[in-house]
Amino acid sequence: MTGNWNDVKSTAVLWMDEAGKMLKESLSRSLHVEQKSNPNDLVTEMDIKIERFLKERIENTFPSHRILGEEETGANIKTTDGVLWIIDPIDGTTNFVHQKFNFAISVAVVENGVGKVGIIYNVMQDEWFTAVEGEGAFLNERRLPAATEVDLPEAIIGLNGRWLARETRRDEQSLHTMVRKSRSVRSYGSAAIELAYVACGRLDSYISFHLSPWDYAAGLVMLKEVGIIVTDFKGKPLPLLTWSPLLAARPHLHDQLSLYVHDHRGF
Ligand code: 2AM
Ligand code: CA
């Protein structure tokens, strides 16, 4: 399909709005929480419920499209041929469980590996970050301006403190140096929200050593529209079917920060 991506975006926004209402309602109930790969990796019945809700809507409306979701959808997908939806029903599940705040629904639509639509919905703030390829990025109804340059001493970097606390990291020293040279760091606990914050200038950069495509696929579409560079730590484009480190920053700052981050084996 080389369809009207604006229509696809509007349709997805309606579904995500409905999903957001389900999430808000669920916060007054006690949720069933389980650990996935480790004690820091949580899943609730709402992660599954929202993924199934979005999957059913997509399948009914766009039967030829394929879907990759965090919880249970598309594990067999091996190529980005055709139209692929990449969805995270709740990005920031730990925040959803512990803080009931700062979590997002993230939806990207990709055609033959090229991001066409990106939507990040910060549910409790009711903030919609949306983008259609070539048509700019928006926060609610406001068009986001193109990113301007900033130097490391004036930069606010989104970074999870976990990456500074690891004892076996070869590059720990350089990461510490980077943090000392920056103006400050922030950590919101949702990669999608942090990427959206880079898009709108609340952060100058976001760095993670281990993210999955559903954490960043929507952010990629958005950040491209405002001229933010997003790569892995070697400067390569991010994969859409497997995990990756991620460095997002304004162009000049991206060059500066890439001196401080180095690959390792993930978590
Ligand atoms: P999630 O809540 O959708 O799992 C937290 O710093 C950020 O990293 C969140 O966006 C979280 O997404 C993501 N995250 C948590 N555990 C992860 C893992 N094992 N692999 C990739 N991303 C992860
Ligand atoms: Ca998730």
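Eight residue pairs, both partners at pLDDT 80 or more, are in polar contact between domain 1 and domain 2 of this predicted model. On the side of domain 1 that touches domain 2, the elements giving two or more residues are β3 (66-69), β4 (83-91), β5 (104-111), β6 (114-122), β7 (127-132) and β8 (137-139). The most generous of these is β6, which gives seven residues to that side. By residue type, the side of domain 1 that touches domain 2 comprises 18 nonpolar, 16 polar and eight charged residues.

It helps to step back to the layout of the chain. The chain is divided into domain 1, spanning 5-143, and domain 2, spanning 152-261. To the contact, domain 1 contributes 42 residues and domain 2 contributes 24 residues. The C-alpha centres of the two domains are 21 Å apart. Between them, domain 1 and domain 2 bury about 2400 Å², and carbon and sulfur atoms account for 66% of that area. Readers looking for individual residues in domain 1 may turn to Asp 91, Ile 120 and Phe 129, which lose the most area to domain 2 and together make up 22% of what that side buries.

Charged pairs also link the two domains. Side chains of opposite charge can pair when their charged atoms come close. Two salt bridges are counted between domain 1 and domain 2, and a search of the whole structure finds ten. Glu 127 and Arg 202 form a salt bridge in which the closest N and O atoms are 2.8 Å apart.

Another salt bridge joins the side chains of Lys 36 and Glu 70, with an N to O distance of 3.2 Å. Lys 36 lies in the loop between β1 (33-35) and β2 (42-44), while Glu 70 lies in the loop between β3 and β4, so this pair ties together parts that are 34 residues apart in sequence.

Glu 70 appears again at the calcium ion (ligand 2), where it is among the protein donors. The donor atoms there are Glu 70 (OE), Asp 88 (OD), a second entry for Asp 88 (OD), and Ile 90 (O), lying 2.0 to 3.1 Å from the ion. Along the chain, the donors of this calcium ion follow the spacing E-x17-D-x1-I. Because Glu 70 sits in the loop between β3 and β4 and Asp 88 in strand β4, the pair ties together parts that are 18 residues apart in sequence. Glu 70 thus takes part both in the salt bridge with Lys 36 and in the donor set of the calcium ion (ligand 2).

Definitions and conventions: Residues are numbered from 1 along each chain as its sequence is written. Chains are lettered from A and ligands numbered from 1 in the order in which they are written. This is a predicted model: local features need pLDDT of at least 70, side-chain atom pairs count only at pLDDT 80 or more; totals for chains, interfaces and linings use all residues. Side-chain values use heavy atoms; hydrogens and water are left out. Domain bounds come from an automatic or database domain assignment. Contact means heavy atoms within 4.5 Å. Buried area is the accessible area (1.4 Å probe) that two parts lose on being put together, summed over both. A salt bridge is a side-chain nitrogen of Lys or Arg within 4 Å of a carboxyl oxygen of Asp or Glu. A polar contact is a pair of N or O atoms within 3.5 Å; within protein, one must be able to donate a hydrogen and the other to accept it, and residues adjacent in sequence count only if both atoms are side-chain atoms. Helices (H or I, at least four residues) and strands (E, at least two) are DSSP runs, numbered from the N terminus. Ala, Val, Leu, Ile, Met, Phe, Trp, Tyr, Cys and Pro count as nonpolar, Asp, Glu, Lys and Arg as charged, and the others, Gly among them, as polar. Donors are N, O and S atoms within 2.8 Å of the metal (3.2 Å for Na, K and Ca); water is not among the atoms, so sites may look incomplete.
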